[in-house]
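Colleague: I have a few short questions about this one. Can we go through them with the picture open?

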Amino acid sequence: MDAQEKNLNQENTENLNVEATEVNEQVETPAVDNHEEAVTDENDKASEVIETSPEKEEAVEFVAEESVSSEMETVDTEPVEQKKNYTDKKEVIERIKEIAHGDEIPQKEEVDYLKTIFYKLHFAEREANMKAFVEAGGDPSVYQVLPDQDEEIFKVEMSVIKERRAKIFLEQEKEKQDNYKRKLEIIDKIKSMVTSPDEVNKFYPDFKKLQQEWKEIRLVPAEKANELWRNYQLYVEQYYDLLKLNSEAREYDFKKNLEIKTHLCEAAEKLAEEKDVISAFHQLQKLHQEFREVGPVNKELREEVWARFKAASTVINKRHQQHFEDLRAREEDNLAKKTELCEKVEAIAKEEIKNAGDWEKKTKEIIEVQSAWKGIGFAPQKMNVKIFERFRAACDDFFGRKAEFFKNMKQQFSENAEKKKALVEQAQALQDSTDWKATSDKLIALQKEWKTIGVVPKKYGDKLWNDFLSACNHFFEARNSATAGTRSEERANLEKKRALIAELKAIVEAGDDRAQDKVQDLIEQYNAVGHVPFKEKDKLYKEYHDILDRIYKELNISTNRRRLDKFKSNLKNAAEKSADALDNERMRLMRRYETIKQEVQTYENNLGFLNASSKKGNSLIDEMNRKVQKLKDDMNLVREKIKAIDAENKEE
């Protein structure tokens, strides 16, 4: 039986250590839970128990587990309940107050869980306040974290709980010392019974009462538990050696113990159906305590009963171990997800963002990532703080750069406003001038400069623009009133130009052979006409150049086609007069083609350097484009003539 006891004891100790490790990883372990080394020493010493007689073998059956169970009772051994999901700091504080001022014993795991949840909510609230401050246009560098009254209340209640736990610890230590003295007294009483062999049977009822009293005494100092138990077992064994019970009483005890142990085996087996793995494990520890306190059974059944109980325990222990392995796997998966989110935020933070719209777009992306982060559980404890610090550093970097951008933009707005304000003052200084031409040029220059200045906040920009526009309108209205006499002349010029445009349209429709000469004459007349009303200028300009483009396109094509037909009809006559006439003509056309090609390249190069920012510049560009098109048409005509010569040579 020693090997079986040692194996089961080792399994229980390992599972206890696994659970203690997993719990202590999440929160700081208080001073009340520092007996781990004592448990290990006791387990090692338990293996030294010697083989005894059948009557005594059951009595010493769970020596190693005595110290483990005793040790477990110094910490929270109640089944772990499903953790409540707190969404508000007030709920956490209410629960902390219940624990601090209620009658229940503060459970370390729950207190640490409440502390973690409170500060998670606390920091989330603080970040939300800062974010709202920044989004409202506040400067992050001057933001101050205000004192949190809830945090002060939380700290006060936590100190009360800490004092209660310290008090409970001292009470437990005192209870252990008192229990130690009581167990020493029990050992002394059994020892006195052993010294009177003749009265052993007489003492049997008292002996059973002492055993029951021993079982009811729980906590003792861990460093004295093994020695105390060995002394107790020594004298119990000596008593059983002297005891001579009749077989009926012995069989009755065996039968009664068998019923109890069978019931405990059934209870242990039923724990396999328990959904809460942690609760099942703790309940198993209680069953172990009860199992070892029950007396021996018939020797022929001991191995069978023990194997059944051990098999049920193994199932629970494996589930318990698997639970924490799964937990570690989930935490590793959470770490991978959080690492991916960190990389995503870091990538966004490194991007070069140049305008406010992109900043707002990227801010939404960061907020979405933060929401995804909140939906992921804990990472492994050793990495949980580090990965959060990495994530927060990336977010802080992004929002810090954003705050700097808007700070600079605000400064740029201020500079733009000052520039536009200066232009308004200049325009207002010129609005009463009567030097119409010079002032008009100055105001137009101011308007162009206005367009080059960046934006300013709308509430200032609208007012500045209205002031600037009012000053410009004031001057131009006064100028128009003063120059009203020239309008009739401009209207007459408008009618003249429209008449010339109508003649150009008639030329296109008629298709006259002398059209080019007429067109050139009409163009010269058009250019000689003076100014037209300003409002009609753009429309007239477009109508005029549209008809010119049409003329150059249609008349050039029809003229070139007639020239080509005439050239082809003269080829045979030229070939009949001289054998070399076609070759000479082809050489001349090739030289003509190269000359036109160079002219086209020259015009196109010059066009690349022209600026069409003014109406005059735009007119010049249009004129050059028409010349380039005419040259290209001539090139096509020359090319067709060369092809016609090649075709004639081929026929001959």
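Modeller: Helices here are DSSP runs of H or I with at least four residues, numbered from the N terminus. Keep in mind that this is a predicted model.

Colleague: OK. Where is D148 found?

Modeller: D148 is in the loop between α6 (108-135) and α7 (149-194).

Colleague: Is D148 buried or exposed?

Modeller: D148 counts as buried, because its relative accessibility is 13% and buried means under 20%.

Colleague: Which residues is D148 in contact with, leaving aside its neighbours within four places in sequence?

Modeller: Those contacts are K89, H122 and E125. With K89 there is also a polar contact between the side chains, at 2.5 Å.

Colleague: And H122, how many residues apart in sequence is that from D148?

Modeller: D148 and H122 are 26 residues apart in sequence, and their C-alpha atoms are 8.7 Å apart in space.

Colleague: New topic. How many disulfides does the count come to?

Modeller: The count comes to zero.

Colleague: Why is there no bond from C342 to its closest cysteine sulfur?

Modeller: The closest cysteine sulfur to that of C342 is in C395, and the 8.0 Å between them is too far for a bond. A disulfide needs the two sulfur atoms within 2.5 Å.

Colleague: What about starting from C395, which cysteine has the closest sulfur?

Modeller: For C395 the closest cysteine sulfur is in C342, 8.0 Å away, so a bond is ruled out from that side too.

Colleague: Is C342 buried or exposed? And C395, buried or exposed?

Modeller: C342 is buried, because its relative accessible area is 0%. C395 counts as buried at 4% relative accessibility.

Definitions and conventions:
Residues are numbered from 1 along each chain as its sequence is written. This is a predicted model: local features need pLDDT of at least 70, side-chain atom pairs count only at pLDDT 80 or more; totals for chains, interfaces and linings use all residues. Side-chain values use heavy atoms; hydrogens and water are left out. Helices (H or I, at least four residues) and strands (E, at least two) are DSSP runs, numbered from the N terminus. Buried means under 20% relative accessible area, exposed over 50%, partly exposed in between (1.4 Å probe, protein chains only). Contact means heavy atoms within 4.5 Å. A polar contact is a pair of N or O atoms within 3.5 Å; within protein, one must be able to donate a hydrogen and the other to accept it, and residues adjacent in sequence count only if both atoms are side-chain atoms.
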